[in-house]
Amino acid sequence: MGLALAQARAAMAKGEVPVGAVVVCDGRVVAVGHNCPVGGHDPSAHAEMQALRAAAQALGNYRLPECELYVTLEPCVMCAGAIMHARIRRVVYGAADPKTGACGSVVDLFAEPRLNHHAEVVGGLMRDECVGVLQQFFSERRAAAKARRSPAASESGGAGAIPTPESPN
Ligand SMILES: [Zn+2]
């Protein structure tokens, strides 16, 4: 998960929401990936998708039944689907995602008996660190947006400051 966090920070350095993923096979790292949908103009470029694609290429197989996926944020529906298609054995994530999490937060696709593959899922590994990198990203982004809207307000405002209306230009 430490490696996945390093990938999350790589995403943050590019201005992407910091999520990182690592695929491990027999205790060996076979692929890493980080979130890059904005820069890549690709809505499917989540960290898990990047790592799964790289792992499948590295192993020469679209199915990865011996592999485990470590990811800093609970996978979404799209990534959970790709995890199932890849036959990933085990998924370990850090932070829960109450908005798009598909491992129990919004839906739990891995508990759906009508779907044919069920990876073992473990959540909460290094949760504080995984949440921390996301919080840092969003708080810096909010501060930057606020500074753009009103340079003076950014000095006096803090958490709970009344938002200033968007200027027309
Ligand atoms: Zn996803």
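What spacing do the donors of the zinc ion follow along the chain? They follow H-x29-C-x2-C, and the views below start from the whole chain and then move to that site. This is a predicted model, where local features need pLDDT of at least 70, side-chain atom pairs count only at pLDDT 80 or more, and totals for chains, interfaces and linings use all residues. Residues are numbered from 1 along each chain as its sequence is written, and side-chain values use heavy atoms, with hydrogens and water left out.

**View 1. The whole chain, for orientation.** Five helices and five strands make up the secondary structure; these are DSSP runs numbered from the N terminus, with helices being H or I of at least four residues and strands E of at least two. Along the sequence they come in the pattern α-β-β-α-β-α-β-β-α-α. Of the 169 residues, 41% count as buried (buried is under 20% relative accessible area, exposed over 50%, partly exposed in between, using a 1.4 Å probe and protein chains only). About 9300 Å² of the chain is exposed, and carbon and sulfur atoms supply 55% of that (areas by the Shrake-Rupley method with a 1.4 Å probe; for residues, only the protein chains shown count as cover). Among contacts with a separation of 6 or more, 54% come from residues 24 or more positions apart (a contact is heavy atoms within 4.5 Å).

**View 2. The zinc site.** The protein donors here are His 46 through ND1, Cys 76 through SG and Cys 79 through SG, lying 2.1 to 2.3 Å from the zinc ion. Donors are N, O and S atoms within 2.8 Å of the metal (3.2 Å for Na, K and Ca), and water is not among the atoms, so sites may look incomplete. His 46 sits in the loop between strand 2 (28–34) and helix 2, while Cys 76 sits in the loop between strand 3 and helix 3, so this pair ties together parts that are 30 residues apart in sequence. His 46 is partly exposed at 23% relative accessible area, whereas Cys 76 is buried at 12%.

**View 3. Glu 48 and its neighbours.** UniProt lists Glu 48 under "active site" in an unreviewed entry; positions from UniProt are given in the numbering used here, feature names are shortened, and annotations may be inferred rather than shown by experiment. Glu 48 belongs to helix 2 (residues 47–59) and is buried, with a relative accessible area of 4%. Leaving aside residues up to four places away in sequence, Glu 48 touches Ala 21, Leu 69, Val 71, Leu 73, Pro 75, Cys 76 and Cys 79. Two names on that list, Cys 76 and Cys 79, also turn up as zinc donors.

**View 4. Strand 4 and the strands beside it.** Six of the six residues of strand 4 (residues 90–95) are buried, so this strand is largely enclosed by the rest of the structure. Strand 3 (residues 67–73) runs parallel to strand 4, joined by five bridges (two strands pair if DSSP finds at least two bridges between them). Between these two strands the chain passes through helix 3 (residues 77–85), a right-handed β-α-β crossover: with the strands pointing away from the viewer, the path from the first strand over the helix to the second runs clockwise. Strand 5 (residues 120–123) also pairs with strand 4 in the parallel sense, over four bridges. Look for Arg 90 in strand 4: Glu 68 has it as bridge partner, and in strand 5 the partner of Arg 90 is Glu 120.

**View 5. Helix 3, inside and out.** The buried residues of helix 3 are Cys 79, Ala 80, Gly 81, Ala 82, Ile 83 and Met 84, and they pack against helix 2, strand 3 and strand 4. His 85, in the helix too, is exposed at 59% relative accessible area. Not counting residues up to four places away, His 85 touches Tyr 62 and Arg 63. His 117 is 32 residues from His 85 in sequence, yet their C-alpha atoms are 8.0 Å apart.

**View 6. Backbone spots with positive phi.** Most residues other than glycine have a negative phi. Just after helix 3, Arg 87 takes a positive phi of about 60 degrees. His 41 has a phi near 45 degrees; it lies in the loop between strand 2 and helix 2 and is exposed at 74% relative accessible area. Met 126, with a positive phi of about 50 degrees, lies in the loop between strand 5 and helix 4 (127–149) and counts as partly exposed at 30%.
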